[in-house]
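Welcome! Take a moment to turn the model around on your screen before reading on, and then we can walk through it together.

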Amino acid sequence: MDSKIEQAFEKARSFKPSSPDELERYRIELLGKKGIITELFNDFKKLSPSEKKRTGRILNDLKNYVQQKIQTIGRELSEKDHYTYNIDLTLPANQLQLGSRHPISIVRNEIIEVFARLGFTISEGPEIEDDWHVFSALNFPLEHPARDMQDTFFITRDPDILLRTHTSSVQVRVMENTSPPIRTISPGRVFRNEAISARSHCIFHQIEGLYVDKNVSFADLKQTLEYFARELFGEETKIRLRPSFFPFTEPSGEMDVSCRCRGEGCRLCKYTGWLEVLGCGMVDPNVLASCKIDPQVYTGFAFGMGIERIALLKYDIKDIRMYFENDIRFLNQFSGTLQ
Ligand code: DAH
């Protein structure tokens with residue numbers, strides 16, 4: 001019996017299974033129903049009580065040794081299996097999902113940067129406004145259609161509290177609170193009671209510009225806008241000013257920029273060679289006076305543009321509703337844009 005145990009020990013020690021299958025065979029050979037150790041335990045039952053005491057201890061040592069070895073090797077093999085067999089190091093790593101800036105933010109930041117280079121600061125104002133800042137101080141006559149419920153979202157009437165229809169309201173707030181020289185732009189969200197279509201939306205974004213000082217002239221306005229157009233649309237860009245009307249500027253104009261088709265005519269410019277970009281003019285003396293700035297001493301220019309429209313022209317976007325739908329296929333096209 002002793003020599004049989006010694007042989008079994010020898011076998012248990014020398015065996016080095018290198019795969020889970022081999023390990024299982026090793027286990028069955030030693031501990032299985034007909035395994036060497038199981039047989040030894042059967043023989044053990046036939047021993048006399050005095051022999052049992054000594055042999056039992058050795059047999060148990062053997063069994064423990066084998067169980068321990070199976071456990072340890074089993075763990076090693078499964079780790080090895082995990083690291084060497086299940087991981088394919090040639091697979092590409094998981095991609096980090098980085099978002100992208102919204103095209104409206106990209107273009108807004110770009111416009112802000114252009115005017116910042118000319119010394120314009122940024123001013124903000126409330127989206128919920130009163131009649132004074134949106135209409136009255138800006139020289140809108142009482143019967144103006146913008147004051148109509150069909151055009152403007154009113155929250156209350158009398159006193160008239162409403163969602164601002166343009167960022168020109170910030171112009172009033174700045175002039176009321178600062179004395180010239182004033183050089184500022186105001187980006188922000190505006191609201192109009194309009195049916196949603198490919199061309200118009202009830203929510204959109206504008207940037208208002210205002211410059212008030214002594215001796216500010218229309219030439220300053222034109223020069224500023226020309227610089228802006230070239231910075232935003234490219235060195236080659238030409239501008240054109242057409243006469244227009246706004247209650248808060250006199251004279252008023254609308255600025256077009258030359259289309260990328262260089263006048264050859266394309267769908268974007270509707271074969272005119274020009275793209276309408278913004279409204280502008282010299283601040284009406286009535287508006288300066290409403291804001292307690294002396295129109296005898298100071299003059300100023302102002303302009304306002306829709307960010308959606310500028311982005312639409314820059315990126316050739318066909319439908320204004322795309323800005324608001326959050327379709328990832330649309331938004332992903334702007335990833336990698338640093339602005
Ligand atoms: N507030 C005008 C609009 O929403 C845009 C505008 C035109 C702003 C001329 C101005 C300006 O400051 O001078 O259509």
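The paragraphs below go from the overall layout to the ligand and its surroundings, and then to some details of the backbone.

Please keep in mind that what you see is a predicted model. A good place to begin is the division of the protein chain, which falls into domain 1, covering 2–85, and domain 2, covering 103–334. If you take the centres of domain 1 and domain 2 over their C-alpha atoms, 87 Å separate them.

Now look for the ligand. The space it takes is the largest pocket. Which elements give two or more residues to the shell around the ligand? They are the helix α7 (168–177) and the strands β6 (203–213), β9 (274–283) and β10 (299–306). Altogether, 15 residues surround the ligand, and the closest are H166, S168, R192, Q206 and E208. In character, the shell is a mixture: five of its residues are nonpolar, eight are polar and two are charged.

Let us move in to the level of single atoms. What lies 3.0 Å from a nitrogen atom of the ligand? That is a polar side-chain atom of H166. Oxygen atoms of the ligand have partners as well. In the side chain of R192, an N or O atom is 2.8 Å from a ligand oxygen. The side chain of Q206 also has an N or O atom placed 2.9 Å from an oxygen atom of the ligand. How much of the ligand does the protein bury? Taken alone, the ligand exposes 360 Å², and the protein buries 90% of that.

With the ligand in view, you can turn to the backbone, starting with the loop between β3 (154–156) and β4 (161–163), where P159 lies. D158 has its place in the loop between β3 and β4 too. The peptide bond that joins D158 and P159 is cis, with omega at about 5°. D158 has another feature to look at: its phi is positive, at about 55°, although D158 is not a glycine.

For one more stop, follow the chain to the loop between α7 and β5 (182–191), which is the place of P181. Here a cis peptide bond joins P180 and P181, and its omega is about 5°. You have already met α7 on this tour, as one of the elements that give two or more residues to the shell around the ligand. From this loop you can trace your way back to the ligand and look over its surroundings once again.

Methods: Residues numbered from 1 in each chain as written. Predicted model: local features only at pLDDT ≥ 70, side-chain atom pairs only at ≥ 80, totals over all residues. Heavy atoms only, no water. Near = heavy atom within 4 Å. Polar contact = N/O pair within 3.5 Å; in protein donor to acceptor, adjacent residues only side chain to side chain. Areas by Shrake-Rupley, 256 points an atom, 1.4 Å probe, with all protein chains shown as cover. 1 Å grid on protein atoms, 1.4 Å probe; cavity = no way out; pocket = protein on both sides within 12 Å on 5 of 7 lines; lining within 4 Å. Sits in = over half its atoms within 2 Å of the grid points. Helix = DSSP H or I, 4+ residues; strand = E, 2+ residues; numbered from the N terminus. Nonpolar A, V, L, I, M, F, W, Y, C, P; charged D, E, K, R; others polar. Domains from an automatic or database assignment.
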